[in-house]
Amino acid sequence: MKISFSPPYVDADVEQEVIDALRSGWITTGPKVKALEDEVCNYVGVEAALGVNSATSGMMLALHWFGITRGDEVIIPAYTYAATALAVMHIGAKPIMVDVNEDFNISIEKIEAAITEKTKAIIPVDFSGWPCDYDSINELVNKESVKNKFIAKGENQKKLGRILVMSDAAHSFGAVYKNIRTGILADITVFSFHAVKNLTTAEGGAICLSLPTAFNNLAIYKTLRLWSLNGQTKDAFTKSKAAGGGWKYDIVYPGFKMNLPDVCAAIGLAQIRKYDKLLSERKRVFDFYDESFKNQPWAWLPPYQKNNFSSSYHLYPLRIKNITEEKRDLIIEKITATGVAVNVHFIPLPMLSVFKNAGYNIEDYPSTYKNYAAEISLPIYPQLSIKECNFIVQSVIESVNEVIIL
Ligand SMILES: *Cc1c(COP(=O)(O)O)cnc(C)c1O
């Protein structure tokens with residue numbers, strides 16, 4: 001049996017919505033993006049959400065808005081996808097990597113120890129769709145001693161008066177923390193709609209604005225929208241609709257090109273309308289794995305079932321107890337040979353050339369390494385049938401047993 005790792009969810013409604021965009025005469029940023037933004041706002045309960053062409057872009061744009069630049073530091077987990085660090089580097093700042101906990105998420109103690117007078121932001125990452133401890137992070141940035149260290153530059157930093165919390169929620173659309181959905185747990189939350197994510201537009205993302213009341217989130221939405229479209233006063237859609245003198249525009253800010261096209265947004269629009277169903281199907285697979293592996297002595301299950309909390313079930317990060325990285329790799333080889341595609345989330349950033357060469361050392365992140373060396377991500381998506389789930393479980397159990405007796 002051949003089982004792929006994370007195929008996109010494409011049904012007749014998705015196809016219809018894309019065809020609708022294609023036939024409408026308008027395929028880039030316009031009504032479909034606006035409709036998707038409105039759906040995101042409704043789903044998450046946030047005041048303003050801006051569609052962008054990737055989460056990476058969204059994070060760059062938000063950090064740039066906060067005035068983060070050369071010489072500044074941004075704290076991130078060492079255990080994440082490279083984009084978290086690259087977004088920081090692209091705006092000239094330095095990613096400060098810290099270790100994670102056993103649940104794969106950033107350690108609050110390690111964040112606190114890493115804060116300096118240069119720290120401008122913290123980017124918690126909701127690994128696999130399990131929300132970070134936002135109450136503790138928000139409490140930490142509001143602590144008097146931490147606020148006193150903060151050196152505000154520019155209007156937005158002065159107004160906030162503390163470190164910005166920007167959530168990398170690439171995995172966690174639809175996840176719940178203490179009965180609250182991700183998207184409003186941090187000052188700013190950035191979702192990814194990349195092809196492998198729970199909700200997809202092929203490439204894309206959204207910036208959710210949930211800044212404190214001193215800020216006008218709708219006004220910031222408008223600013224970021226302008227900055228995502230070259231800083232041009234009239235976007236192409238508005239120009240196309242204007243009669244007569246519609247061709248005139250101005251560039252009022254040296255903006256970026258980070259807008260989301262309508263033809264892409266159409267995919268996500270059809271998906272978000274049935275997102276609760278998609279989530280419950282993911283949960284079905286997650287629960288099946290938990291049930292199937294819980295009596296295996298070697299299985300270290302993802303610790304993701306808790307009152308008032310729920311994962312978005314983006315990944316099923318199975319870990320094998322007392323295994324070495326080499327033996328884990330061998331297990332993956334055996335599973336793959338049976339036709340089941342699995343993955344590892346993530347190769348820790350300090351183990352990747354760019355970061356290794358910049359001086360980051362995996363030995364400084366023991367918990368990150370321990371999680372990585374033991375981890376195998378299993379396929380999890382709504383389309384997986386019971387038969388396929390059974391096959392995956394058998395393949396994993398047999399492969400692990402073969403390797404651990406070696
Ligand atoms: C996928 C991913 C990103 C990047 O998302 P893009 O939309 O591809 O830019 C960022 N962070 C994490 C943790 C991711 O998994």
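This passage looks at the ligand site of a predicted model, then at its aromatic pairs and two unusual spots in the backbone.

Start with the ligand, which takes up the space of the largest pocket. The shell around the ligand consists of 16 residues, and the closest of these are Thr 56, Asp 168, His 171, Ser 192 and Lys 197. Sorted by class, that shell comes out as eight polar, six nonpolar and two charged residues. Two helices, α3 (55-65) and α4 (82-90), each put at least two residues into the shell.

What do the polar contacts to oxygen atoms of the ligand look like? On the side-chain front, Thr 56 places a polar atom 2.5 Å from an oxygen atom of the ligand, and His 171 does likewise with a polar side-chain atom at 2.7 Å from a ligand oxygen. Ala 55 makes its approach through the backbone instead, with a polar backbone atom 2.8 Å from an oxygen atom of the ligand. As for cover, the ligand on its own would expose 390 Å², and the protein buries 92% of that.

Moving on to the aromatic rings, a search of the whole structure turns up 28 aromatic pairs. One of them joins Tyr 79 and Phe 104, whose rings are stacked, with 5.7 Å from centre to centre and 15° between the planes. Tyr 79 sits in the loop between β2 (73-77) and α4, while Phe 104 sits in the loop between β3 (94-98) and α5 (108-114), so this pair ties together parts that are 25 residues apart in sequence.

Phe 104 is also worth a look for its backbone. Most residues other than glycine have a negative phi, and most peptide bonds are trans. Phe 104, in the loop between β3 and α5, goes the other way on phi, with a positive value near 80°. The peptide bond is the odd one out at another place in the chain: from His 345 to Phe 346 it is cis, and omega is near -10°. Phe 346 belongs to the loop between α13 (325-337) and α14 (353-357).

Technical notes. Residues numbered from 1 in each chain as written. Predicted model: local features only at pLDDT ≥ 70, side-chain atom pairs only at ≥ 80, totals over all residues. Heavy atoms only, no water. Near = heavy atom within 4 Å. Polar contact = N/O pair within 3.5 Å; in protein donor to acceptor, adjacent residues only side chain to side chain. Areas by Shrake-Rupley, 256 points an atom, 1.4 Å probe, with all protein chains shown as cover. 1 Å grid on protein atoms, 1.4 Å probe; cavity = no way out; pocket = protein on both sides within 12 Å on 5 of 7 lines; lining within 4 Å. Sits in = over half its atoms within 2 Å of the grid points. Helix = DSSP H or I, 4+ residues; strand = E, 2+ residues; numbered from the N terminus. Nonpolar A, V, L, I, M, F, W, Y, C, P; charged D, E, K, R; others polar. Phe/Tyr/Trp six-rings, centres within 6.5 Å; stacked < 30°, edge-to-face > 60°.
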